2 protein chains.
Amino acid sequence: MDIPAAVSSRFPMYYEYVCLMEEQGSEWISSNMMASALGLTSSTIRQDIQYIGRIRSSSFGYSTNSFRLLLEAILGIAVGANMALVGVGSLGSAILRYQGFRAKGFIIKAVFDKRKDLIGSRVNKMEVYPVGRMAEMVKRKNITIGVITTPPDVAQSIADTMVSTQIRGIWNFAPMSLRVPSNVALENVSLCPSLFSLSFDMKNLK
Amino acid sequence: MDIPAAVSSRFPMYYEYVCLMEEQGSEWISSNMMASALGLTSSTIRQDIQYIGRIRSSSFGYSTNSFRLLLEAILGIAVGANMALVGVGSLGSAILRYQGFRAKGFIIKAVFDKRKDLIGSRVNKMEVYPVGRMAEMVKRKNITIGVITTPPDVAQSIADTMVSTQIRGIWNFAPMSLRVPSNVALENVSLCPSLFSLSFDMKNLK
DNA sequence: TTGATGTTGTTATAAAATTAACATGCATGA
DNA sequence: TCATGCATGTTAATTTTATAACAACATCAA
């Protein structure tokens, strides 16, 4: 079964909402509740759920627990991943301090930089290693996701290094479009685009 | 003219790429170059550009400068905005330290929190004010965008306070769906969804 | 000059995504 | 018991989005 991109892009939204409702003690949630909370239609949600699988349901709606477990399976949250972060600038160290994803099993296990003055120092209790030791550390710590928080001009070479290891997913924060082979997943993320979208909406929704 | 959501959602991508190319000295970029760099088709890009306006073009492609200026106008980057951040936890202070959007004219002018022990202290050289003083400060500093980096349970009440001021755009980092009137723009952003999307792709693209 | 190549702008076509509609079933309360 | 309301799951229709196709024009090299 091939899941359309428009559908899978909503899975994280569902996951966030279902976690919240389950934490608040709700045992059941209906497609209508979710629709109004998330700004979608119940029809869209019910169709999306057909791709997720057999969620336990009743005349009250879907079981929050069953829903969450299936989402965790399909999103790979059930197993989590070890991650390597490269580039300890302001953005990199901000992510190291924040780590809101750690509770879901996505753990930064190693930190790298090129700058000699940073190597050996500690950021958020983690030692900074030279980029040259990435291959070794990635193997030793069983890392599968690389986080790029470098300046844009070195991002591609870091990505190339990552691709040459066992890393199979790159979370790229550098404002730079990277080229990676098709057996490596790439997710570009940047705060600015969403701020600009907000700015656009403010101009047009008024 | 009404711009479809699928189109306007690509404007920030175009803007990022055009800025990069202009900085690198490129005077012209073609729809084909952009398409291969951004993973789109040239057809899509040419159609999107019809919504942006009359970009200066030649047989080499579009003028990077003209393209950038029109994008800045349509995205509201030309004027920028003053912002207020509420919630100086790990995420809030990470954003205060990072501020990659400052160069584009989006400037955090005031910082708020509820916790007594934080009020009056300084984070990244900015004094933390009590939430009760938000209305006053927003007016005084001509703030139009509110940034919510609080825990989810208080996010709605902060949003309500913001709505009661002259703030017309809310950049929400709390994992919580907020209700705001239609004359206020809302953009939800969170790092986890994009990490989960990456995890999903890793499972499925292999 | 002339042909080949590459560009935009526009129209037409195809594909994808969303929404609506409805059959069916289960609680609930009169 | 029986009607009512709300739920899912599924199919159909609609809307939106993306792609393809092509006319018109500019550049460059031979």
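1. Two residues count as being in contact if their C-beta atoms, placed from the backbone, lie within 7 Å. With that in hand, look at where the two protein chains meet: the contact takes 51 residues from chain B and 50 residues from chain A. On the chain B side, H9(B) gives the largest share, 14 residues. That side divides into 32 nonpolar, eleven polar and eight charged residues. For these classes, Ala, Val, Leu, Ile, Met, Phe, Trp, Tyr, Cys and Pro are nonpolar, Asp, Glu, Lys and Arg are charged, and the others, Gly among them, are polar.

2. A quick word on what you are looking at. This is a predicted model, where local features need pLDDT of at least 70, side-chain atom pairs count only at pLDDT 80 or more, and totals for chains, interfaces and linings use all residues. Residues are numbered from 1 along each chain as its sequence is written, while chains are lettered from A and ligands numbered from 1 in the order in which they are written.

3. Now the symmetry. Two copies of a chain are related by a rotation about an axis and a shift along it. Here a rotation of 180 degrees, with 0.0 Å of shift along its axis, puts chain B on chain A with an RMSD of 0.1 Å. That is the relation of a two-fold axis. (The superposition is by least squares on the C-alpha atoms of residues with pLDDT of at least 70 in both copies.) B:Ala94 is the residue of chain B that comes closest to the axis, its C-alpha being 2.3 Å away. The copies meet through the same surface, because 98% of the interface residues of chain B are also interface residues in chain A.

4. Next, chain A by itself. Chain A has nine helices and ten strands; these are DSSP runs numbered from the N terminus, with helices (H or I) of at least four residues and strands (E) of at least two. Its C-alpha trace spans about 60 × 45 × 35 Å along the principal axes. Of the 206 residues in chain A, 40% are buried, meaning that 20 or more other C-beta atoms lie within 10 Å of a residue's own (exposed is 12 or fewer, partly exposed is in between, and C-beta atoms are placed from the backbone). Among contacts in chain A between residues at least 6 apart in sequence, 54% join residues at least 24 apart.

5. Have a look at helix H6 (residues 90–98) of chain A. Seven of its nine residues are buried, so H6(A) is largely enclosed by the rest of the structure. Those buried residues are A:Leu91, A:Gly92, A:Ser93, A:Ala94, A:Ile95, A:Leu96 and A:Tyr98. Their cover includes strands E4, E5, E6, E7 and E8 of chain A, together with H6 of chain B. Just after H6(A), A:Gln99 takes a positive phi of about 50 degrees.

6. What surrounds the DNA? Around strand C there are 23 residues, the closest being A:Pro4, A:Ala6, A:Ser43, B:Ser30 and B:Ser31. ("Near" asks for a C-beta atom, placed from the backbone, within 6 Å of the strand.) H4(B) brings the largest share of this surface, six residues. By class, the surface near strand C has six nonpolar, 16 polar and one charged residues. DNA strand D is also surrounded by 23 residues, with A:Ser30, A:Ser31, B:Pro4, B:Ala6 and B:Ser43 the closest. For strand D, the largest share, six residues, comes from H4(A).

7. H3(B) and H4(B) are worth a closer look as a pair. Their axes come within 8 Å and cross at roughly 115 degrees. (Axes are lines fitted to C-alpha atoms, for helices over the stretch in contact, and angles run from 0 to 180 degrees between N-to-C directions.) B:Ser31, B:Asn32, B:Met34 and B:Ala35 in H3(B) meet B:Ser42, B:Ile45 and B:Arg46 in H4(B). This contact divides into three nonpolar, three polar and one charged residues.

8. Compare that with H2(B) and H5(B), which pack at about 145 degrees with their axes 9 Å apart. Among the residues making the contact are B:Phe11 and B:Tyr14 of H2(B) and B:Phe67 and B:Leu71 of H5(B). By class, the contact has ten nonpolar, two polar and two charged residues.

9. Last, is B:Arg54 buried or exposed? B:Arg54 counts as exposed, because it has 9 C-beta neighbours inside 10 Å. B:Arg54 lies in the loop between H4 and strand E2 (57–58) of chain B.
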